[in-house]
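Please load the entry below in your viewer and keep the selection panel open. The stops are given in the order in which to select them.

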Amino acid sequence: MALHRAPRRVGVVGYGRLGQSLVSQLLTQGPELGLELVFVWNRDPSRMAGSVPRSLQLQNLAAVVERHPDLVVEVAHPKIIHESGAQILRHANLLVGSPSALADQATERQLREASHCWGHAVFVARGALWGIEDIARLDAAGGLQSLRVTMATHPDGFRLEGPLAAVHSTRPRTVLYEGPVRGLCPFAPRNSNTMAAAALAAPSLGFDHVIAVLVADLRLLPAPLHAGDPSLLRPPSSRGHPRLIHLPPPPSRHCPGLGPRTSLLSQ
């Protein structure tokens, strides 16, 4: 008699457009994919009213442990990873949807150490970075000497902070930033995730040597607001899941409470 495997329990952090799409797909397609939605959290809980069943609404992110998730998917803002990423890893695997958060060295170190200590994996969504497998293979083979990622869109498509928010595009094409990815992420946390994914895929270069170019181009249409990628919900093949980057833990250290390492998307 075949044994039925228990569904994998998934929590979603963030209920903007991407979070709404993921939640909808998990509710409608999750069971057939072996996935069960166990909570949704949003900084403004009122956004979930009327669309997320009350039983699934998590009011306090610190209460993640009460829902016993196997995987927590962050699709909110880099601040959530800064503030709560390591704590989430105490209880579940973590899929980071805001990889620009990892430009902060303290945050990256905390996630790697928490992954090692608690036996949970960290994954990073590659977003719109097609060809990431080739970048990773070339880097692993020692053949990647430099990497430059240019993002151009209409100024209305940017959500910038700090000094970049004060730059006004009066010419048809304006280069807003050109330099290391690490320097861009704090001021364009929502517009640098693809570049951050490239830096993570090429660790020999990393955030300090992968070059980011951010361009405001008035000739382009405003970038569409993308919904979730339904492929993220598909079970991985035996060769792994090419849409995710695994963030490995640091070299082995003694850590009390270390349990067996589990990886939701590689089993």
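The tour starts with the whole chain and then goes to single residues and a surface patch.

**Whole chain**

Show the full chain as a cartoon, bearing in mind that this is a predicted model. The secondary structure comprises 8 helices and 9 strands. Colour by accessibility next: 47% of the 267 residues count as buried. Switch on the surface, and the chain exposes about 13900 Å², with carbon and sulfur atoms supplying 54% of that area. Of the contacts between residues at least 6 apart in sequence, 73% join residues at least 24 apart.

**Met48**

Select Met48, in the loop that runs between strand E2 (35-41) and strand E3 (71-74). Is Met48 buried or exposed? Its relative accessibility is 0%, so Met48 counts as buried. Show what surrounds Met48: beyond its neighbours within four places in sequence, the contacts are Tyr15, Val40, Trp41, Asn42, Gln57 and Leu58. Now add Gln20, which is 28 residues from Met48 along the chain; their C-alpha atoms are separated by 9.0 Å.

**Leu102**

Move to Leu102, in the loop between strand E4 (93-96) and helix H3 (105-118). Leu102 counts as buried because its relative accessibility is 0%. Leaving out residues up to four places away in sequence, Leu102 touches Thr107, Glu108, Leu111, Val124, Arg182, Leu200, Phe207 and Leu247. Pick Arg182 from that set and draw a C-alpha to C-alpha distance to Leu102: the two are 8.8 Å apart in space and 80 residues apart in sequence.

**Asp139**

Select helix H4 (residues 132-140) and, within it, Asp139. Which side chain of opposite charge is nearest to Asp139? It is Arg112, 11 Å away; Asp139 is buried and has no salt bridge. Residues in contact with Asp139, apart from neighbours within four places in sequence, are Leu144, Ala201, Ala202, Pro203, Ser204 and Leu205.

**The positive patch**

Return to the surface and select Arg17, Arg47, Lys79, Arg159 and Arg190, which gather there in a patch of positive charge. Keep Arg190 selected for the last stop: this residue lies in the loop between helix H6 (181-184) and helix H7 (193-201). With a relative accessibility of 36%, Arg190 falls between the limits of 20% and 50%, and therefore counts as partly exposed.

Methods. Residues numbered from 1 in each chain as written. Predicted model: local features only at pLDDT ≥ 70, side-chain atom pairs only at ≥ 80, totals over all residues. Heavy atoms only, no water. Helix = DSSP H or I, 4+ residues; strand = E, 2+ residues; numbered from the N terminus. Buried < 20%, exposed > 50% of the residue type's maximum accessible area, 1.4 Å probe, protein only. Contact = heavy atoms within 4.5 Å. Patch = residues over 30% accessible without salt bridge, like charges linked within 9 Å, V, L, I, M, F, W, Y side chains within 5 Å. Areas by Shrake-Rupley, 256 points an atom, 1.4 Å probe, with all protein chains shown as cover. Salt bridge = Lys/Arg side-chain N within 4 Å of Asp/Glu carboxyl O. Lys, Arg positive; Asp, Glu negative; His and termini not counted. Charge placed at Lys NZ, Arg CZ, Asp CG, Glu CD.
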